[in-house]
Amino acid sequence: MLDRRIIREEPQKVREALDKRGCDFDLDALIELEARRRDLLQAVEAQRAQRNQISEQVAQTVREGGDAEPLKQRSIEIGRQLAANEQELAEVEGRFDQMMAELPNIPLDEVPVGESEQDNVVMYEVGEPPKFDYTPRPHWEIGEQLGILDFDGATRMAGARFVTDVGAGATLERALINFMLDTHTRKHGYTEVFPPYLANERSLFGTANLPKFEDDLFKTTDGYYLIPTAEVPLTNMHQGEILEGDDLPIYYTAYTACFRREAGAAGKDTRGMVRVHQFHKVELMKFVKPGQSSEELEKLVKDAEVILQALELPYRRVHLCTGDMGFQPRQTFDLEVYCAGMDRWLEISSCSQYGDFQARRCNTRYRPQPQAKPEFIHTMNGSGVAAGRTLLAILENYQQEGGTVVIPEVLRPYMGGLAEILPRSLLS
RNA sequence: GGAGAGGUGGCCGAGCGGCUGAAGGCGGUCGCCUGCUAAGCGACUAUGGGGGUAUAAGCCUCCAUCGAGGGUUCGAAUCCCUCCCUCUCCGCCA
């Protein structure tokens, strides 16, 4: 959510941002609503002031034993007009708030301007795609043959777009999660959090998943939402709080399952575990002072990169353009891992800074100095990284011609020393 | 699921129809006192929004806010209704 003042004071800034995003939004209607809101507010406040004054006179008259009846009648009359104005104000305000809630963030100046994915800027590549003497196979073939990914079983248990890790596959994903959490907590200074997987409406509003993206979410019959990412609980950790400047920056990391309906993705990535309704991810999240945002985001991206480097997975870093960026961020960097079997770059981490866009919605503030006025903090987050897609990338890049998969060195201690996943047939 | 208690400023806590945006305390800021520290004394110390004034800091003024929403009333922190949350006890349970 942007500061509503910007609508009145710098509408051209908003218009420019919307243009850059290629976003269809009726800014003029919003500006008009804002003006109407202010007019009504002034009228309502003047009438309230008048009524308050009369009420005081009533009290005084009654105390002195006089007849307050005429005053009361006037007050009732004012109240009638007031009620009409108040009703219209509430309507206007409601529509205004709704539009504000659906107004996207303003991209930073350094974000490349573009229309689509095609215009994203690849900043650099790290590592070499592995070479094979044969045509490398996709992860679903490898996983099923090794008996470590069970798509059919998951379909029976739940439905389409689910996957189940079995045996060494389950251990591998658990190892990845532990390795990532250990790295971020012990080496990068993050505090580990194990949050609820359900969140209330308010929290999803805070991260701006609601009201605009309700279709992407699973909702329970009790009105809870399944979290689409740990960003939701983590960003709301300090909802409504005023933090002390000395406590910032705060770094959190969390492993959670993530649930997404993938409503708009029919027919896309239907093979394998690229796009599933439940996946597992280690998230990085920071609360920082306004001036620290870009610098801290840079460190956060590097913290995520460390994981891919340690696993020796080839990846590249992409600066998302204005047209491909999400609704909430003002800047996003994606990390894409190369997957030999599918021969494609796959998003494995998305790191975004939001400025005060989310903090405003969550009402999370801090005091720059002990007695100073509270200001909105800045938030940012990124995957550090998605465990399911990392597993997939390991299967595709570490596959051997005989159908086995070598375990990256750093994971072996987490897998009881296992160095290679063999087919079940070879185990027995 | 059943029964009860409660949600008031940065924190604790009073208030239970008008003089209460809110006593008192803690914490904090400034000043006085003081060889230093402590103690003592005094002043100030909620948030959001509108309007005016000012180059700005600020100042003046109005409105709203005592968990949220609605109602009663000339007037609500205070009375009524609905909802949310917290706590205690009982039941159930990984």
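**Strand β11**

I began with strand β11, residues 331-339, in this predicted model. I asked how many of its residues are buried. The count is 9 of 9, so I noted β11 as mostly covered, with buried meaning under 20% relative accessible area. Next I checked the two faces of β11, and both are covered. One side holds Gln331, Phe333, Leu335, Val337 and Cys339. The other side holds Thr332, Asp334, Glu336 and Tyr338. I marked every one of these residues as buried.

**Partners of β11**

Which strands pair with β11? I found β10, residues 315-319, joined to β11 by 5 bridges. β10 and β11 run antiparallel. Here Tyr315 stands opposite Val337 of β11. I had already listed Val337 among the buried residues.

I also found β12, residues 344-355, paired with β11. That pairing is antiparallel as well and spans 9 bridges. Along it, Leu335 faces Ser349 in β12. I then looked at the turn. β11 and β12 make a hairpin with 4 residues between them. Asp343 sits in that turn and has a positive phi of about 50°.

**Helix α10**

I moved to helix α10, residues 293-310. How far does α10 reach from its first C-alpha to its last? Its 18 residues reach 26 Å. That is close to the 26 Å expected at 1.5 Å a residue. I listed the buried residues of α10. Nonpolar ones on my list include Leu297, Leu300, Val301, Ala304, Ile307 and Leu308. Ser293, Glu296, Asp303 and Glu305 are buried too. Just after α10, I noted Glu312 with a positive phi of about 55°.

**Cores**

I turned to the largest nonpolar core, which has 57 residues. Which members touch the most other members? I wrote down Leu149, Leu172, Leu176, Met273, Leu313, Val405 and Leu411. Helix α7, residues 168-187, gives this core its largest share, 7 residues. A second, separate core has 24 residues. Val14, Leu82, Phe96 and Phe357 are among them. I added a general remark: in soluble globular proteins, nonpolar side chains tend to be buried together.

I then took Leu149 by itself. What does Leu149 touch, leaving out residues up to four places away in sequence? My list has His139, Gly143, Glu144, Val163, Thr164, Asp165, Met273, Leu391 and Leu395. Met273 is also on my list of core members with the most contacts to other members.

**A sheet of 3 strands**

I traced an open sheet next. Its order is β7-β13-β14, and its pairing is mixed. The edge strands are β7 (242-244) and β14 (375-376), each pairing on one side only. β7 joins β13, residues 365-367, through 3 bridges. β7 and β13 run parallel. I found Leu243 opposite Tyr366 in β13.

**Cis peptide bonds**

Where are cis peptide bonds found? One joins Leu210 and Pro211, with omega about 5°. Pro211 lies in the loop between α8 (201-206) and β6 (225-226). Another joins Leu248 and Pro249, with omega about 0°. Pro249 lies in the loop between β7 and β8 (250-259).

**The loop between β8 and β9**

I looked at Glu262 in the loop between β8 and β9 (278-288). Glu262 is not a glycine, yet its phi is positive, about 50°. Is Glu262 buried or exposed? Its relative accessible area is 19%, so I called Glu262 buried, the cut-off being under 20%.

Asp269 is in the loop between β8 and β9 too. Its phi is near 50°, again positive in a residue other than glycine. Its relative accessible area is 18%, so Asp269 also counts as buried.

**Domains and confidence**

I stepped back to the whole of chain A. It is divided into domain 1 (5-101) and domain 2 (117-421). How many Å lie between the C-alpha centres of domain 1 and domain 2? I noted 44 Å.

Last, I looked up the confidence scores. Chain A averages a pLDDT of 91, and 99% of the residues score at least 70. For the complex, the predictor gives an ipTM of 0.81 and a pTM of 0.90. I kept one caution: where pLDDT is low, the predicted coordinates should not be read in detail.

Technical notes: Residues numbered from 1 in each chain as written. Chains lettered and ligands numbered in written order. Predicted model: local features only at pLDDT ≥ 70, side-chain atom pairs only at ≥ 80, totals over all residues. Heavy atoms only, no water. Expected span 1.5 Å × (residues − 1). Buried < 20%, exposed > 50% of the residue type's maximum accessible area, 1.4 Å probe, protein only. Domains from an automatic or database assignment. Pairing = 2+ DSSP bridges. pLDDT = per-residue confidence, 0-100. Core = buried A, V, L, I, M, F, W, Y, C linked by side-chain atoms within 4.5 Å. Contact = heavy atoms within 4.5 Å.
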